[in-house]
Amino acid sequence: MSKIKVGIIGVGNCASSLIQGINHYGKTDGEDAIGLMHWKIGRYKPTDIEIVSAFDIDRRKVGLDINQAIFAKPNCTKIFCPEIAETGTVVKMGKILDGFSDHMKDYNDESTFLPADEEEPDAKEIIEELQRTGTEVLMNYLPVGSEQATRFYANCALEAGVAFVNNIPVFIASDPEWSDRFKAKNIPIIGDDIKAQLGATIVHRALTDLFNKRGVKLERTYQLNTGGNTDFLNMLNQTRLSSKKESKTEAVQAVTAARLEKNNIHIGPSDYVAWQKDNKVCFIRMEGKLFGDVPMNIEMRLSVEDSPNSAGVAIDSIRCAKIALERKLGGALTAPSSYFCKHPPIQYTDDKAYQLMEEFISQDVQAIS
Ligand SMILES: NC(=O)c1ccc[n+]([C@@H]2O[C@H](COP(=O)([O-])OP(=O)(O)OC[C@H]3O[C@@H](n4cnc5c(N)ncnc54)[C@H](O)[C@@H]3O)[C@@H](O)[C@H]2O)c1
């Protein structure tokens, strides 16, 4: 059986965890493997994923074998699989556009992006590289706020006939114009903005659902997040944040019994704390009223390594995109998008999204896509 050929845009911490994971699970034994939602999706195990193309703009990554580039600075995520053989897949220079925010220049080399001086490719060259390498699924891991760059690479995927997994909060799968373009070419797309395996969004949604099911009225909530990786550094630029805030806020609003007024819900990245590196800390507070109108509140603190938390979901999105290709499904894959992403084309509760995603995997495709 041939492997799933994957391309990566942005060889940062999320890509590092994903690639480490593909190698890590090659050393573990099937169904007992820890940390996966599925050992097999369709015919595919995690180790049936192969990275065949990669683009970045950082001078410490461009030109390196992908398996070395994932350990280059400023990547700082936990290394849980240090021994990785070279692949022959060399990271190519990408198109910068709005991928690099000016404020990133004010930080030391260890913590920030250092754009390479190499000539930037045009769309034709990227499309050729995707076709030359036989890339089937393209993973978008650009920094938040990369509106132009995401559209540029999504167009390349469309032209090259490659499935697109949009892990970031630029609205592509959830924008009907874009999803129609993928549908017209019969190319699958999953998105937008990956929902981590056990992260702030899924926990906040689960607690919101609990309020609903137990008849407690949610009146006010916040979710404050801090971290010390380049994702959080990039997000210090407030002008890049509007879609991130919308994506994260809407993910919770969508499961409230009654939508909260704007002033009563505050969700977003809150600060950059350099020493935290890839450890993300999230503080959630929820205030409500229970029996007899009596007030209650919950305070919760979640601490997670940010990037493996996304890879635990990415490893399933890739395999869902591949089975969609095999089944010749095009356009936004609504079931996987709703379970794997914060801002999907259709928001379901997580219970419903889980059921639909499992149905999608186990063949009952025509009815739900
Ligand atoms: N960790 C999670 O759980 C999670 C959840 C949801 C969304 N995301 C999003 O996923 C994205 C990736 O996260 P990360 O932690 O890997 O970020 P990162 O900062 O570690 O990596 C981004 C990479 O993109 C590269 N890059 C910048 N502009 C580029 C361009 N124009 N072309 C090609 N490469 C370019 C950078 O050099 C860097 O290597 C972010 O937008 C993040 O918000 C992550």
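This text walks through the ligand shell and then one helix pair in a predicted model.

Start at the ligand. It is surrounded by 36 residues. The closest are Gly10, Gly12, Cys14, Gly94 and Gly99. Several elements give two or more residues to this shell: helix H1 (13-24), strand S2 (49-56), helix H7 (230-234) and helix H9 (306-326). Of these, H9 provides the largest share, with 4 residues.

Now look at the chemistry of the shell. Nonpolar residues number 18. Another 12 are polar, and 6 are charged. Glycine is counted as polar here, so Gly10, Gly12, Gly94 and Gly99, which are among the closest residues, fall in the polar class.

The shell also spans a domain boundary. Domain 1 covers 4-195 + 308-368, and domain 2 covers 200-305. Each of the two gives at least three residues to the shell around the ligand.

Next, turn to a helix pair. Two packed helices are described by the angle between their axes and the distance between the axes. Helix H6 takes in residues 200-213, and helix H8 takes in residues 242-253. Their axes lie 9 Å apart, at an angle of about 25°. Angles under 35 degrees count as roughly parallel, so H6 is roughly parallel to H8. The crossing of H6 past H8 is right-handed.

Which residues make the contact? From H6 come Thr201, His204, Arg205 and Thr208. H8 answers with Lys248, Ala251 and Val252. By class, the contact of H6 with H8 holds 2 nonpolar, 3 polar and 2 charged residues.

Methods:
Residues numbered from 1 in each chain as written. Predicted model: local features only at pLDDT ≥ 70, side-chain atom pairs only at ≥ 80, totals over all residues. Near = placed C-beta within 6 Å. Domains from an automatic or database assignment. Axes fitted to C-alpha atoms, helices over the stretch in contact; angles between N-to-C directions. Parallel < 35°, antiparallel > 145°, perpendicular 65-115°, else oblique. Left-handed = near helix turned anticlockwise from the far one by under 90°. Contact = placed C-beta atoms within 7 Å.
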